Amino acid sequence: MISIVYAGSPEPAARLLQTLLEDNSLKNADVQIVGVLTNPPAMQGRHKMLVPTPVETVARQAGIPVFTPEHLDSVCREQIIALHPELLVCFAYGHIFGPKFLGLFEKGAINVHPSLLPKYRGATPVPAAILHRDTEIGISVQRLALEMDAGDILAQKKIPLVGSETTISLLETSAKVGAQLVADLLCTAARTGSLPEGTPQQGEPSYTKMISKDDARINWTNSAADIEAMIRAYTPDPCCWTMCNDVSLKILKAALPKDVSTESTVAPGTVVAYDKKQGILIQTGDGLLAVLELQWQAKKAMLYKDFMNGSRNFVGSVLQ
């Protein structure tokens, strides 16, 4: 048997965990997840209820011990040692592992990273790929190293992009593909007693940064294509937004309209027209953007037709 500690927090990490738990090949190989590390419950909603991470929910449903430390300190290390783990598997946990913690796992530690490493190291590789309008993304399984995302590559798979993906859809794909790559590696480790040799990363690394709400404010002087990509990159969080008459307005979904004139003398950000078939047309620094889903501050999200039914004077507004 190989005993695993799994570390992760958001929904995609929960999907990967669930897939591993249901994988018959791992059951047959006697690979067992003996504990789960995840972020502490966070306060959410109007009533500030403490809500566990999706990973914690999956783990508790499966009867797996869950640990939610604020820090990976000596107390946490003692709790993990008591599980007698051999290998750590991580996907989107949100904490940095130090040498003392990584030293707890005799067979090593692996991390699922949704990029073609060394491209897009860091916390936000999927939004970065969408923002740059890349034609492909990749899922890399690497050995965890002390330097961020610098470990040897154990497995990697490319995924072509068609230009309509959002961050949430690509993270779901990453979880599905990553689970298969991880399962194959764990089966190999169970059969041979160790993980396979990795391949050092090749090429010049690039890095991503944490995304703030300010990063998601739309600059209407940018091109329609860049803004549309930005909206997809920042879905579902932090969501792109703009201001209209001093009220915050989220732009949740948009497209590049077809068969419409893009020449205009109006200022970028001007709501030019309402096209019942294509959406709300907004002038940008280069071309028109068709907005399909919006949300006023403190209101529910609405499709563009419903939005216009309640905002009949919206055409002519200048978004900032």
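Reader: Which residues of α8 are buried?

Author: A good place to start! The buried residues of α8 are Ala224, Ile227, Glu228, Ala229, Met230, Ile231, Arg232 and Ala233. Please keep in mind that we are looking at a predicted model.

Reader: How many residues of α8 does that make, and is the helix enclosed or open?

Author: Eight of the 10 residues of α8 are buried, so this helix is largely enclosed by the rest of the structure. A general idea helps when you look along any helix: an α-helix has 3.6 residues a turn, so residues three or four places apart point the same way.

Reader: What do the buried residues of α8 pack against?

Author: Their partners are α6, α7, β10 (240-244), β11 and β14. You can follow one of these links from the α7 side. Thr167 belongs to helix α7, which covers residues 167-192. Among the residues that Thr167 touches, leaving aside those up to four places away in sequence, are Arg232 and Ala233. Val126, Pro127, Ile130, Tyr234 and Thr235 are also touched by Thr167.

Reader: How do I read burial for a single residue, and is Thr167 buried or exposed?

Author: Look at the relative accessible area: under 20% counts as buried and over 50% as exposed. Thr167 has 7%, so it is buried. Now try Gly45, in the loop between β3 (42-44) and β4 (49-51). Its relative accessible area is 53%, so Gly45 is exposed.

Reader: Where is Gln283, and is it buried or exposed?

Author: Gln283 is in strand β13, residues 279-283. With a relative accessibility of 5%, Gln283 counts as buried.

Reader: What does the chain look like as a whole, and how many helices and strands are there?

Author: The protein chain holds nine helices and 15 strands. Its C-alpha trace spans about 65 × 45 × 35 Å along the principal axes. Of its 320 residues, 49% are buried.

Reader: How far apart in space are Gly45 and Phe105?

Author: Their C-alpha atoms are 38 Å apart, with their positions 60 residues apart in sequence. Compare that with Gln283 and Met43: they are 240 residues apart along the chain, and their C-alpha atoms are separated by 38 Å. For the chain as a whole, consider the contacts with a separation of 6 or more: residues 24 or more positions apart account for 65% of them.

Reader: How many aromatic pairs does the structure hold?

Author: There are seven. To read one, check the distance between ring centres and the angle between the planes. Phe97 and Phe101 have centres 5.4 Å apart and planes at 20°, so this pair is stacked. Both of these residues are buried. Trp296 and Phe314 give an edge-to-face pair, with 6.2 Å from centre to centre and 85° between the planes. That pair links distant parts of the chain, since Trp296 is in strand β14 (residues 288-296) and Phe314 is in the segment after α9 (304-310), 18 residues apart. Trp296 and Phe314 are both buried.

Reader: Which residues do ring pairs link into a cluster?

Author: The cluster consists of Tyr93, Phe97, Phe101 and Phe105. A ring can also have a charge over it: the charged end of Lys213 sits over the ring of Trp241, 5.3 Å from the ring centre.

Reader: How can I picture the pockets, and what is the volume of the second largest pocket?

Author: Rolling a probe the size of a water molecule over the atoms shows where empty space is left. The largest pocket holds about 1,200 Å³ of space. It is lined by 40 residues, and those closest to its centre are Ala92, Tyr93, Gly94, Ala123 and Thr124. At least two lining residues come from each of β6 (87-91), β7 (109-113), α6 (125-131) and α7. By class, the lining has 26 nonpolar, 11 polar and three charged residues. The second largest pocket has a volume of about 210 Å³.

Reader: Which element supplies the largest share of the lining of the second largest pocket?

Author: That is β11, with four residues. Our opening helix returns here too, as α8 (224-233) and β11 (247-255) each supply at least two residues of this lining. Including Glu228, Ile231 and Arg232, the lining has five nonpolar, three polar and three charged residues.

Technical notes:
Residues numbered from 1 in each chain as written. Predicted model: local features only at pLDDT ≥ 70, side-chain atom pairs only at ≥ 80, totals over all residues. Heavy atoms only, no water. Buried < 20%, exposed > 50% of the residue type's maximum accessible area, 1.4 Å probe, protein only. Contact = heavy atoms within 4.5 Å. Phe/Tyr/Trp six-rings, centres within 6.5 Å; stacked < 30°, edge-to-face > 60°. Lys NZ or Arg CZ within 6 Å of the ring centre and 35° of its normal. 1 Å grid on protein atoms, 1.4 Å probe; cavity = no way out; pocket = protein on both sides within 12 Å on 5 of 7 lines; lining within 4 Å. Points joined across faces, edges and corners; volume = space filled by probe spheres on them. Nonpolar A, V, L, I, M, F, W, Y, C, P; charged D, E, K, R; others polar.
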